[in-house]
Amino acid sequence: MNDQILKPSKKEIPMPAYMISHVTVTNKEKFDSYFDKTRAVGAKYGAKPVAIGAQPKMLNGESDGHQMVVVAEFESMEALDTWHNSDEYQALVPLREEGSIQHMVAYEARPLPQAQ
């Protein structure tokens with residue numbers, strides 16, 4: 001893999017960050033409540049919904065059994081961390097855990113190197 005992809009950008013310009021969550025709903029009513037409240041809290045921190053995908057199609061490897069994926073974009077990793085660590089979001093964690101099993105991960109975007 002090209003090392004340039006993994007190295008931090010030399011520029012001081014914040015790069016967008018993406019929260020990606022693999023979700024298995026265990027209680028639809030509680031998950032729907034969590035999801036609605038999380039979208040409202042996320043919007044206060046600049047979260048932009050990018051995609052919600054259902055019925056994953058595995059292209060390689062094995063599925064972890066999740067039912068959907070949720071992707072949200074934040075202005076920067078700092079903004080994403082501020083949202084995730086906020087009292088408002090942390091208050092929703094018990095509802096998240098009562099309504100779903102989620103594996104959440106955050107990635108900071110990096111510009112792709114120029115093709116040779």
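**View 1. The exposed side of α3 in this predicted model.** Here we're looking at E78 and N85, which are both exposed. These two sit on the other side of α3 from its buried residues.

**View 2. The buried side of α3.** Flip your attention to A79, L80 and W83, the buried residues of this helix. They span an arc of only 100 degrees around the axis, so they end up on the same side of α3. What do the buried residues of α3 pack against? The list takes in two helices' worth of names, α2 (28–44) and α4, plus the strands β1 (17–25), β3 (68–74) and β4 (100–108).

**View 3. S86, just past the end of α3.** S86 belongs to the loop that links α3 (77–85) with α4 (87–90). Is S86 buried or exposed? With a relative accessible area of 6%, S86 counts as buried, because the cut-off for that label is under 20%. Setting aside neighbours within four places in sequence, the contacts of S86 are V41 and Y45.

**View 4. β1 alongside β3.** Now for the strands, both of which also turn up among the packing partners of α3's buried residues. β1 and β3 run antiparallel and are joined by 7 bridges. To find your way around, pick out M19, whose bridge partner in β3 is A72.

**View 5. β1 alongside β4.** β1 pairs with β4 too, again in the antiparallel sense, this time over 9 bridges. A handy landmark is V23, with Q102 as its bridge partner in β4.

Key:
Residues numbered from 1 in each chain as written. Predicted model: local features only at pLDDT ≥ 70, side-chain atom pairs only at ≥ 80, totals over all residues. Heavy atoms only, no water. Helix = DSSP H or I, 4+ residues; strand = E, 2+ residues; numbered from the N terminus. Buried < 20%, exposed > 50% of the residue type's maximum accessible area, 1.4 Å probe, protein only. Contact = heavy atoms within 4.5 Å. Arc of directions from axis to C-beta. Pairing = 2+ DSSP bridges.
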